[in-house]
Amino acid sequence: MKKSSIFSLLTSMVIAASMCGITSFAEDYEADVSSAEKASDWGQSFKLYSDVFDPASLNEDSEIIVEYTLKASGEGLTLYPVELIAQSWEVTDEETGELISDGEIWGKIEPSEYDESHAVFTYEDILAGYKAAAPDPDSITDLSGVLCINVGATNQGTVLCTKFTVTNSAGGGDSSSDELTGINSFVPVTDPAEYNGSGEIFRVTKNDFDATRLNSGSEVVIYYEEMSSAPAFCPVNLVLISTENTTVPENKRDEEGNVAIKMAAPLSYDSSHAVFTCKQVLSAYGTGNFSELYDFSIVGTSQAITVTGVEFTNVNQFGTRSVALSEAEAAAEKKPVPMWVIIVVIAVVVVVILIGLLIYAKVNSNRAYDISSGSYVRKSAESSPEEKKE
(Lines give C-alpha, C1' and ligand atoms only; values in the text may rest on other atoms or scores of the structure.)
Protein backbone atom coordinates (compact mmCIF):
# COMPACT_ATOMS: atom_id res chain seq x y z
CA MET A 1 0.00 0.00 0.00
CA LYS A 2 1.30 3.48 -0.86
CA LYS A 3 2.30 5.80 1.98
CA SER A 4 -0.31 8.35 0.89
CA SER A 5 -3.02 5.67 1.07
CA ILE A 6 -1.93 4.63 4.56
CA PHE A 7 -1.88 8.25 5.70
CA SER A 8 -5.36 8.84 4.27
CA LEU A 9 -6.68 5.75 6.01
CA LEU A 10 -5.19 6.74 9.37
CA THR A 11 -6.51 10.28 8.98
CA SER A 12 -10.01 8.98 8.26
CA MET A 13 -9.86 6.71 11.30
CA VAL A 14 -8.76 9.58 13.56
CA ILE A 15 -11.52 11.87 12.25
CA ALA A 16 -14.13 9.15 12.67
CA ALA A 17 -12.99 8.42 16.22
CA SER A 18 -13.03 12.14 17.05
CA MET A 19 -16.55 12.53 15.72
CA CYS A 20 -17.71 9.53 17.75
CA GLY A 21 -16.18 11.07 20.86
CA ILE A 22 -17.89 14.38 20.28
CA THR A 23 -21.34 13.07 19.48
CA SER A 24 -21.43 10.53 22.30
CA PHE A 25 -22.45 13.27 24.71
CA ALA A 26 -25.53 14.27 22.73
CA GLU A 27 -28.68 12.33 22.00
CA ASP A 28 -31.72 12.45 19.75
CA TYR A 29 -35.18 12.76 21.24
CA GLU A 30 -38.35 11.53 19.56
CA ALA A 31 -41.62 12.83 20.93
CA ASP A 32 -44.80 10.84 21.31
CA VAL A 33 -47.07 12.35 18.64
CA SER A 34 -50.11 10.15 19.31
CA SER A 35 -52.00 13.26 20.41
CA ALA A 36 -51.43 15.03 17.07
CA GLU A 37 -54.48 16.23 15.15
CA LYS A 38 -55.16 17.33 11.61
CA ALA A 39 -54.78 21.06 11.17
CA SER A 40 -55.02 23.67 8.44
CA ASP A 41 -55.18 27.45 7.93
CA TRP A 42 -52.71 28.37 10.70
CA GLY A 43 -54.04 25.90 13.25
CA GLN A 44 -51.83 23.59 15.36
CA SER A 45 -51.36 19.88 14.76
CA PHE A 46 -49.13 19.00 17.74
CA LYS A 47 -48.02 20.56 21.04
CA LEU A 48 -44.91 19.54 22.98
CA TYR A 49 -44.94 20.97 26.50
CA SER A 50 -41.81 21.67 28.59
CA ASP A 51 -42.79 19.20 31.32
CA VAL A 52 -42.42 16.45 28.69
CA PHE A 53 -39.37 17.85 26.89
CA ASP A 54 -37.31 20.79 28.14
CA PRO A 55 -36.55 23.22 25.26
CA ALA A 56 -33.56 24.48 27.27
CA SER A 57 -31.76 21.25 26.35
CA LEU A 58 -31.47 22.36 22.72
CA ASN A 59 -28.08 23.72 21.67
CA GLU A 60 -26.37 25.19 18.61
CA ASP A 61 -26.04 21.73 17.01
CA SER A 62 -29.70 20.82 17.50
CA GLU A 63 -32.37 20.61 14.84
CA ILE A 64 -36.07 19.83 15.04
CA ILE A 65 -37.30 17.60 12.22
CA VAL A 66 -41.06 17.42 11.73
CA GLU A 67 -42.56 14.73 9.51
CA TYR A 68 -46.17 14.96 8.38
CA THR A 69 -48.80 13.87 5.94
CA LEU A 70 -50.12 16.61 3.68
CA LYS A 71 -53.41 16.84 1.87
CA ALA A 72 -52.43 19.71 -0.38
CA SER A 73 -54.76 22.39 -1.67
CA GLY A 74 -54.15 21.22 -5.23
CA GLU A 75 -52.24 24.27 -6.44
CA GLY A 76 -48.79 22.99 -5.45
CA LEU A 77 -46.64 24.30 -2.65
CA THR A 78 -46.23 28.07 -2.68
CA LEU A 79 -45.21 28.21 1.00
CA TYR A 80 -43.89 25.81 3.62
CA PRO A 81 -46.75 23.54 4.83
CA VAL A 82 -45.77 23.68 8.54
CA GLU A 83 -44.16 26.10 10.96
CA LEU A 84 -43.02 25.94 14.56
CA ILE A 85 -44.32 28.25 17.26
CA ALA A 86 -42.17 28.73 20.38
CA GLN A 87 -44.72 29.71 23.00
CA SER A 88 -44.54 30.94 26.57
CA TRP A 89 -46.87 32.63 28.97
CA GLU A 90 -46.28 34.40 32.24
CA VAL A 91 -45.98 31.85 35.02
CA THR A 92 -44.88 32.61 38.57
CA ASP A 93 -43.76 29.98 41.05
CA GLU A 94 -46.46 29.75 43.74
CA GLU A 95 -43.94 29.24 46.55
CA THR A 96 -41.06 31.49 45.57
CA GLY A 97 -42.90 34.17 43.62
CA GLU A 98 -40.16 34.05 40.96
CA LEU A 99 -40.96 34.36 37.26
CA ILE A 100 -40.60 30.99 35.52
CA SER A 101 -41.29 32.03 31.92
CA ASP A 102 -40.78 35.20 29.87
CA GLY A 103 -44.44 36.16 29.56
CA GLU A 104 -46.75 36.00 26.57
CA ILE A 105 -44.65 35.07 23.53
CA TRP A 106 -45.82 33.48 20.26
CA GLY A 107 -42.66 33.10 18.20
CA LYS A 108 -43.26 31.77 14.68
CA ILE A 109 -40.36 29.95 12.97
CA GLU A 110 -39.95 29.11 9.29
CA PRO A 111 -38.20 25.87 8.31
CA SER A 112 -34.71 25.99 6.83
CA GLU A 113 -35.77 23.29 4.37
CA TYR A 114 -39.01 21.51 3.58
CA ASP A 115 -40.94 19.40 1.10
CA GLU A 116 -44.34 17.67 1.07
CA SER A 117 -43.42 15.24 3.86
CA HIS A 118 -40.94 16.86 6.26
CA ALA A 119 -39.49 20.18 7.48
CA VAL A 120 -36.24 21.02 9.27
CA PHE A 121 -35.86 23.80 11.86
CA THR A 122 -32.43 24.88 13.16
CA TYR A 123 -31.70 26.01 16.71
CA GLU A 124 -30.53 29.39 15.41
CA ASP A 125 -33.82 29.99 13.62
CA ILE A 126 -35.91 28.81 16.58
CA LEU A 127 -34.09 31.12 18.99
CA ALA A 128 -34.29 34.04 16.56
CA GLY A 129 -38.04 33.55 16.06
CA TYR A 130 -38.63 33.30 19.80
CA LYS A 131 -36.59 36.44 20.54
CA ALA A 132 -38.26 38.42 17.75
CA ALA A 133 -41.67 37.91 19.36
CA ALA A 134 -40.49 38.81 22.88
CA PRO A 135 -41.18 42.21 24.46
CA ASP A 136 -37.52 42.41 25.50
CA PRO A 137 -35.47 40.37 22.98
CA ASP A 138 -32.13 41.27 24.59
CA SER A 139 -33.14 39.50 27.80
CA ILE A 140 -33.42 36.13 26.04
CA THR A 141 -30.26 34.09 25.51
CA ASP A 142 -31.70 30.59 25.13
CA LEU A 143 -34.97 28.63 25.05
CA SER A 144 -35.29 28.07 28.80
CA GLY A 145 -38.46 30.19 28.96
CA VAL A 146 -40.30 28.26 26.24
CA LEU A 147 -43.22 26.35 27.77
CA CYS A 148 -44.59 24.79 24.58
CA ILE A 149 -43.36 24.06 21.05
CA ASN A 150 -46.26 23.97 18.59
CA VAL A 151 -46.32 22.37 15.14
CA GLY A 152 -48.55 24.68 13.15
CA ALA A 153 -50.13 24.36 9.72
CA THR A 154 -49.91 27.19 7.21
CA ASN A 155 -52.36 27.70 4.30
CA GLN A 156 -50.99 24.98 2.04
CA GLY A 157 -53.55 22.31 2.96
CA THR A 158 -54.33 19.92 5.82
CA VAL A 159 -51.36 18.46 7.70
CA LEU A 160 -50.98 15.82 10.40
CA CYS A 161 -47.74 15.63 12.38
CA THR A 162 -46.51 12.00 12.25
CA LYS A 163 -43.04 12.36 13.78
CA PHE A 164 -41.23 14.97 15.88
CA THR A 165 -37.48 14.53 16.37
CA VAL A 166 -34.92 16.71 18.15
CA THR A 167 -31.32 15.97 17.16
CA ASN A 168 -28.27 16.48 19.39
CA SER A 169 -30.36 17.30 22.44
CA ALA A 170 -28.40 18.08 25.58
CA GLY A 171 -30.94 16.82 28.05
CA GLY A 172 -33.47 14.65 26.28
CA GLY A 173 -36.94 14.22 27.71
CA ASP A 174 -38.93 11.87 29.89
CA SER A 175 -38.84 9.18 27.21
CA SER A 176 -35.03 9.14 26.88
CA SER A 177 -33.37 5.75 27.07
CA ASP A 178 -32.70 4.24 30.51
CA GLU A 179 -29.02 4.04 29.67
CA LEU A 180 -28.66 7.82 29.49
CA THR A 181 -31.07 9.08 32.13
CA GLY A 182 -32.86 8.07 35.31
CA ILE A 183 -29.59 7.81 37.23
CA ASN A 184 -29.09 8.99 40.83
CA SER A 185 -25.73 10.48 41.80
CA PHE A 186 -24.93 10.80 45.53
CA VAL A 187 -22.11 13.01 46.82
CA PRO A 188 -21.36 12.22 50.50
CA VAL A 189 -19.89 14.50 53.15
CA THR A 190 -16.66 12.78 54.20
CA ASP A 191 -16.70 13.85 57.85
CA PRO A 192 -20.18 15.10 58.82
CA ALA A 193 -20.17 17.52 61.73
CA GLU A 194 -22.84 19.61 63.38
CA TYR A 195 -23.01 23.20 62.21
CA ASN A 196 -24.99 26.13 63.52
CA GLY A 197 -24.64 29.32 61.52
CA SER A 198 -25.31 31.01 58.19
CA GLY A 199 -22.07 30.13 56.39
CA GLU A 200 -21.18 27.40 53.92
CA ILE A 201 -21.47 23.86 55.27
CA PHE A 202 -20.54 21.81 52.22
CA ARG A 203 -19.82 22.35 48.53
CA VAL A 204 -20.38 20.02 45.57
CA THR A 205 -17.79 20.98 42.91
CA LYS A 206 -17.86 20.37 39.17
CA ASN A 207 -15.44 17.47 39.76
CA ASP A 208 -18.04 15.84 42.03
CA PHE A 209 -21.01 16.42 39.73
CA ASP A 210 -21.35 17.92 36.24
CA ALA A 211 -24.38 20.23 36.28
CA THR A 212 -25.10 19.59 32.59
CA ARG A 213 -26.26 16.09 33.58
CA LEU A 214 -29.43 17.67 34.98
CA ASN A 215 -32.66 17.46 33.02
CA SER A 216 -36.19 18.73 33.53
CA GLY A 217 -37.09 15.80 35.81
CA SER A 218 -34.04 16.06 38.08
CA GLU A 219 -34.03 17.03 41.75
CA VAL A 220 -31.31 18.15 44.16
CA VAL A 221 -31.86 16.50 47.54
CA ILE A 222 -29.85 17.66 50.57
CA TYR A 223 -29.70 15.09 53.37
CA TYR A 224 -28.97 15.81 57.02
CA GLU A 225 -29.16 13.88 60.25
CA GLU A 226 -32.61 13.66 61.80
CA MET A 227 -33.33 16.86 63.67
CA SER A 228 -34.77 16.68 67.17
CA SER A 229 -37.90 18.52 66.08
CA ALA A 230 -39.50 19.61 62.84
CA PRO A 231 -37.79 22.81 61.61
CA ALA A 232 -39.85 25.98 61.48
CA PHE A 233 -38.17 26.86 58.18
CA CYS A 234 -35.78 25.09 55.82
CA PRO A 235 -32.49 24.47 57.68
CA VAL A 236 -30.35 24.76 54.52
CA ASN A 237 -30.04 27.03 51.50
CA LEU A 238 -28.76 26.04 48.06
CA VAL A 239 -26.42 28.51 46.33
CA LEU A 240 -25.36 28.26 42.67
CA ILE A 241 -21.69 29.19 42.20
CA SER A 242 -19.75 30.12 39.07
CA THR A 243 -16.79 32.28 38.05
CA GLU A 244 -16.18 34.30 34.88
CA ASN A 245 -19.63 33.25 33.73
CA THR A 246 -20.83 34.33 30.29
CA THR A 247 -24.12 32.43 30.09
CA VAL A 248 -26.39 33.79 32.84
CA PRO A 249 -28.18 37.15 32.45
CA GLU A 250 -26.01 40.16 33.28
CA ASN A 251 -28.09 41.12 36.31
CA LYS A 252 -27.12 37.83 37.97
CA ARG A 253 -23.33 38.28 37.71
CA ASP A 254 -20.82 40.91 38.75
CA GLU A 255 -18.38 42.72 36.46
CA GLU A 256 -15.95 39.79 36.52
CA GLY A 257 -18.73 37.34 35.72
CA ASN A 258 -18.79 35.80 39.19
CA VAL A 259 -22.09 34.23 40.21
CA ALA A 260 -23.47 33.31 43.64
CA ILE A 261 -27.21 32.82 43.27
CA LYS A 262 -29.08 31.93 46.44
CA MET A 263 -32.05 29.70 45.76
CA ALA A 264 -35.47 30.48 47.16
CA ALA A 265 -37.48 28.05 49.29
CA PRO A 266 -37.17 24.37 48.27
CA LEU A 267 -40.01 22.33 46.85
CA SER A 268 -40.25 20.55 50.20
CA TYR A 269 -38.30 19.91 53.40
CA ASP A 270 -38.66 18.07 56.69
CA SER A 271 -36.46 17.05 59.62
CA SER A 272 -34.16 14.88 57.45
CA HIS A 273 -33.87 16.34 53.94
CA ALA A 274 -34.72 19.24 51.60
CA VAL A 275 -35.68 18.94 47.92
CA PHE A 276 -34.99 21.46 45.14
CA THR A 277 -36.23 20.76 41.60
CA CYS A 278 -34.24 21.35 38.44
CA LYS A 279 -36.94 23.77 37.26
CA GLN A 280 -36.31 25.83 40.41
CA VAL A 281 -32.59 25.77 39.65
CA LEU A 282 -33.30 26.85 36.07
CA SER A 283 -35.58 29.68 37.22
CA ALA A 284 -33.02 30.98 39.72
CA TYR A 285 -30.04 30.56 37.38
CA GLY A 286 -31.80 32.38 34.54
CA THR A 287 -30.80 29.99 31.74
CA GLY A 288 -30.95 26.30 30.91
CA ASN A 289 -27.31 26.36 29.81
CA PHE A 290 -25.55 24.80 32.81
CA SER A 291 -22.13 24.52 31.13
CA GLU A 292 -20.74 27.22 33.45
CA LEU A 293 -22.62 26.22 36.60
CA TYR A 294 -19.63 24.86 38.50
CA ASP A 295 -20.52 24.42 42.17
CA PHE A 296 -23.52 23.81 44.43
CA SER A 297 -22.96 25.35 47.85
CA ILE A 298 -24.94 24.18 50.90
CA VAL A 299 -25.38 27.05 53.34
CA GLY A 300 -26.83 27.00 56.85
CA THR A 301 -29.74 29.05 58.14
CA SER A 302 -28.63 29.34 61.79
CA GLN A 303 -30.13 26.04 62.90
CA ALA A 304 -28.15 23.16 64.39
CA ILE A 305 -27.72 20.69 61.53
CA THR A 306 -25.38 17.93 60.32
CA VAL A 307 -25.37 17.63 56.54
CA THR A 308 -24.50 14.10 55.36
CA GLY A 309 -24.65 14.39 51.58
CA VAL A 310 -26.30 15.68 48.41
CA GLU A 311 -28.10 13.51 45.86
CA PHE A 312 -28.90 14.47 42.27
CA THR A 313 -31.83 12.31 41.14
CA ASN A 314 -32.97 11.26 37.67
CA VAL A 315 -29.92 12.74 35.95
CA ASN A 316 -28.32 11.84 32.63
CA GLN A 317 -25.37 9.50 32.42
CA PHE A 318 -23.18 12.03 30.63
CA GLY A 319 -22.82 15.80 30.71
CA THR A 320 -22.77 18.01 27.64
CA ARG A 321 -19.98 20.13 29.12
CA SER A 322 -17.48 17.29 28.79
CA VAL A 323 -15.95 17.84 25.34
CA ALA A 324 -15.63 21.60 24.87
CA LEU A 325 -15.02 22.56 28.49
CA SER A 326 -12.64 19.72 29.29
CA GLU A 327 -10.54 20.66 26.26
CA ALA A 328 -10.47 24.29 27.38
CA GLU A 329 -9.56 23.28 30.92
CA ALA A 330 -6.83 20.94 29.68
CA ALA A 331 -5.38 23.72 27.53
CA ALA A 332 -5.45 26.14 30.47
CA GLU A 333 -3.65 23.63 32.68
CA LYS A 334 -0.86 23.02 30.16
CA LYS A 335 2.34 24.72 31.26
CA PRO A 336 4.65 26.18 28.60
CA VAL A 337 7.80 24.16 27.90
CA PRO A 338 10.87 25.87 29.47
CA MET A 339 13.25 27.46 26.93
CA TRP A 340 16.22 25.48 28.23
CA VAL A 341 14.43 22.24 27.42
CA ILE A 342 13.87 23.39 23.83
CA ILE A 343 17.56 24.39 23.51
CA VAL A 344 18.73 21.02 24.87
CA VAL A 345 16.47 19.13 22.46
CA ILE A 346 17.75 21.15 19.49
CA ALA A 347 21.37 20.61 20.60
CA VAL A 348 20.86 16.85 20.91
CA VAL A 349 19.35 16.70 17.42
CA VAL A 350 22.27 18.67 15.94
CA VAL A 351 24.82 16.39 17.67
CA VAL A 352 23.09 13.27 16.40
CA ILE A 353 23.10 14.65 12.84
CA LEU A 354 26.81 15.56 13.07
CA ILE A 355 27.74 12.12 14.40
CA GLY A 356 25.79 10.53 11.56
CA LEU A 357 27.66 12.66 8.99
CA LEU A 358 31.05 11.77 10.52
CA ILE A 359 30.25 8.05 10.46
CA TYR A 360 29.09 8.29 6.87
CA ALA A 361 32.27 10.14 5.84
CA LYS A 362 34.49 7.58 7.62
CA VAL A 363 32.79 4.62 5.98
CA ASN A 364 33.13 6.11 2.50
CA SER A 365 36.67 7.52 2.90
CA ASN A 366 38.21 4.53 1.06
CA ARG A 367 35.46 4.31 -1.54
CA ALA A 368 35.08 5.87 -4.98
CA TYR A 369 31.96 6.49 -6.99
CA ASP A 370 31.75 4.18 -10.00
CA ILE A 371 29.81 5.84 -12.81
CA SER A 372 29.07 2.60 -14.66
CA SER A 373 27.45 0.93 -11.63
CA GLY A 374 26.02 4.08 -10.15
CA SER A 375 27.32 3.29 -6.64
CA TYR A 376 30.33 3.60 -4.36
CA VAL A 377 33.03 0.87 -4.68
CA ARG A 378 36.14 0.20 -2.64
CA LYS A 379 39.24 1.86 -4.12
CA SER A 380 41.64 -0.54 -5.86
CA ALA A 381 45.39 -0.34 -5.35
CA GLU A 382 45.81 -0.78 -9.14
CA SER A 383 43.84 2.36 -9.75
CA SER A 384 46.02 4.39 -7.41
CA PRO A 385 47.60 7.38 -9.25
CA GLU A 386 50.95 6.81 -7.51
CA GLU A 387 51.38 3.29 -8.94
CA LYS A 388 50.67 4.46 -12.51
CA LYS A 389 53.80 6.70 -12.53
CA GLU A 390 56.75 5.30 -14.57
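1. In this predicted model, L354 counts as partly exposed, because its relative accessibility is 48% and the partly exposed class runs between 20% and 50%. The residue is found in helix α5, which covers residues 339-363.

2. L354 is also one member of a nonpolar patch on the surface, a group that includes M339, I342, I343, V345 and I346, as well as V349, V350, I353 and L357. Taken together, the residues of this patch have about 930 Å² of accessible area.

3. Turning to the aromatic side chains, the structure holds seven aromatic pairs. In the pair made by Y80 and Y114, the ring centres are 6.1 Å apart and the planes stand at 80°, so the arrangement is edge-to-face, given that planes over 60 degrees apart are classed in this way. This pair links distant parts of the chain, for Y80 lies in the loop between β3 (63-72) and β4 (82-88), whereas Y114 belongs to strand β6 (residues 113-114), and 34 residues separate the two.

4. The two partners of that pair can also be described by how much of each is accessible. Y80 is buried, because its relative accessible area is 12% and the buried class lies under 20%, while Y114, at 37% relative accessibility, counts as partly exposed.

5. Two further points concern aromatic rings elsewhere in the chain. F209, F296 and F312 form one aromatic cluster. In addition, K206 lies over the face of Y294, at a distance of 4.6 Å from the ring centre.

Note on methods: Residues numbered from 1 in each chain as written. Predicted model: local features only at pLDDT ≥ 70, side-chain atom pairs only at ≥ 80, totals over all residues. Heavy atoms only, no water. Patch = residues over 30% accessible without salt bridge, like charges linked within 9 Å, V, L, I, M, F, W, Y side chains within 5 Å. Areas by Shrake-Rupley, 256 points an atom, 1.4 Å probe, with all protein chains shown as cover. Salt bridge = Lys/Arg side-chain N within 4 Å of Asp/Glu carboxyl O. Helix = DSSP H or I, 4+ residues; strand = E, 2+ residues; numbered from the N terminus. Buried < 20%, exposed > 50% of the residue type's maximum accessible area, 1.4 Å probe, protein only. Phe/Tyr/Trp six-rings, centres within 6.5 Å; stacked < 30°, edge-to-face > 60°. Lys NZ or Arg CZ within 6 Å of the ring centre and 35° of its normal.
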